[in-house]
Amino acid sequence: MRQFLALTGRNVKLYLRNKSAIFFSLLSALIVIVLMLFFLGDMNIEGILGILNGFPGRDIAQDKENAELLVLSWTCAGILSINAVTISLAMYSGMIKDRIHGRLNAIYTAPVSRFAVSLGYIAAAWVTSAFMCVLTLAVTEIYGVMQGLEPYSFLVHLQLLGMIMVNSFIYAALMYLLAMIARTEGAWSGFGTVIGTLVGFLGGIYIPIGSLADSISGFMKGTPILYGTSMFRTVMTESILGKTFEGVPEDVVTEYCEVMGIRLKVFDYAITVRDEWILLLVCGIIFFVAGAFMLKYGKKSDR
């Protein structure tokens, strides 16, 4: 256990010391913020107002304020989901460098099992990703409250913390599996470019899933990122969603939620937050087992 904790701490410190790695791991989230501030945010707000304007007797000023807060909550939920992916991705660049520069072989010469070494990398990615997501949640919630959102209750905070832990675990396991495949810095850089580019689209953050063709949205529903994003959106927008669409028929609200990826349907089955939580946990376990399998039966160039 002491060796495992030492390896985990080492990997976390290597990431925190690398300021460029921290910046690039948060770059996708920064891109989302910029897009929402200068382009996509106004489009989403106008979409909400377009729905509400179809119902007479509305307070236009209040509707606009609520729409802005709803889009803010929707965006912050997407950022939480993105960070879990990109931070886990950045964490394993240290593992790739350890392999390339021979440090991994030096670690293997120590009286520590290969499995403990691998767990050290996975745990470091998991802990760092979860910590950064909790920090992101705190910052976005403070900003949201300053803008007029209600603070989340204690139970909602516990729920969000559990979601962060599960969501971070799946990508810590998945990125470890990819790092076992990409055995060079060039290959890992290629993975990073592709994943960093696609994560916002696959999460339905740049373009709402309901605005896409059925074939594309069907593909997105085959990836875990969309379910993690939807899980955060459902919880983080619940309060302001009710205020924004107060007095609006339920079927209109349901349609809006499905278009914006707040709630998902797969084969006409409405996915619940519990379903998404279980799905992500199962995916994380599968990726972890696959990584352990590769460690045991894969190429032995590191031995």
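Student: How many aromatic pairs does a search of the whole structure find?

Tutor: The search finds 5 aromatic pairs. Rings of Phe, Tyr and Trp (its six-membered ring) pair if their centres lie within 6.5 Å, and planes under 30 degrees apart count as stacked, over 60 as edge-to-face and the rest as tilted. Please keep in mind that this is a predicted model: local features need pLDDT of at least 70, side-chain atom pairs count only at pLDDT 80 or more, and totals for chains, interfaces and linings use all residues. Residues are numbered from 1 along each chain as its sequence is written, and side-chain values use heavy atoms, leaving out hydrogens and water.

Student: Why is the pair of Trp126 and Phe169 called tilted?

Tutor: The ring centres are 5.0 Å apart, which meets the pairing limit, and the planes stand at 50 degrees, neither under 30 nor over 60, so the pair is tilted.

Student: What makes this pair a tie between parts of the chain?

Tutor: Trp126 lies in helix α7 (residues 114-147) and Phe169 in helix α8, so the pair ties together parts that are 43 residues apart in sequence. Helices here are DSSP runs of H or I with at least four residues, strands are runs of E with at least two, and both are numbered from the N terminus.

Student: How do you know whether Trp126 and Phe169 are buried or exposed?

Tutor: Buried means under 20% relative accessible area, exposed over 50%, and partly exposed in between (1.4 Å probe, protein chains only). Phe169 has 13%, so it counts as buried. Trp126 has 30%, so it is partly exposed.

Student: What makes Trp188 and Phe191 an edge-to-face pair?

Tutor: Their centres are 6.2 Å apart and their planes are at 65 degrees, so they satisfy both the pairing limit and the edge-to-face limit. Both residues lie in helix α9, 3 residues apart, about one turn of the helix. Trp188, at 7% relative accessibility, counts as buried, whereas Phe191, at 26%, counts as partly exposed.

Student: How do you know that the span of α9 is close to what is expected?

Tutor: The expected span is 1.5 Å times one less than the number of residues. Helix α9 (residues 185-202) has 18 residues and reaches 25 Å from its first C-alpha to its last, close to the expected 26 Å. Its buried residues are Trp188, Ile195, Val199, Gly200 and Leu202. Just after α9, Gly204 takes a positive phi of about 65 degrees.

Student: How do you know that the buried residues of α5 line one face?

Tutor: Those residues are Met95, Ile96, Asp98 and Arg99. Seen down the helix axis, they fall within an arc of 160 degrees, so they line one face of α5. The arc is that of the directions from the helix axis to the C-beta atoms.

Student: What makes the phi of Phe267 and of Asp268 worth a look?

Tutor: Most residues other than glycine have a negative phi. Phe267, however, has a positive phi of about 55 degrees, and Asp268 has one of about 65 degrees. Phe267 sits in the loop between β1 (264-266) and β2 (269-271), as does Asp268.

Student: Why is Phe267 called exposed, and why Asp268?

Tutor: Phe267 has 82% relative accessibility, which is over the exposed limit, so it counts as exposed. Asp268 has a relative accessible area of 75%, so it is exposed too.
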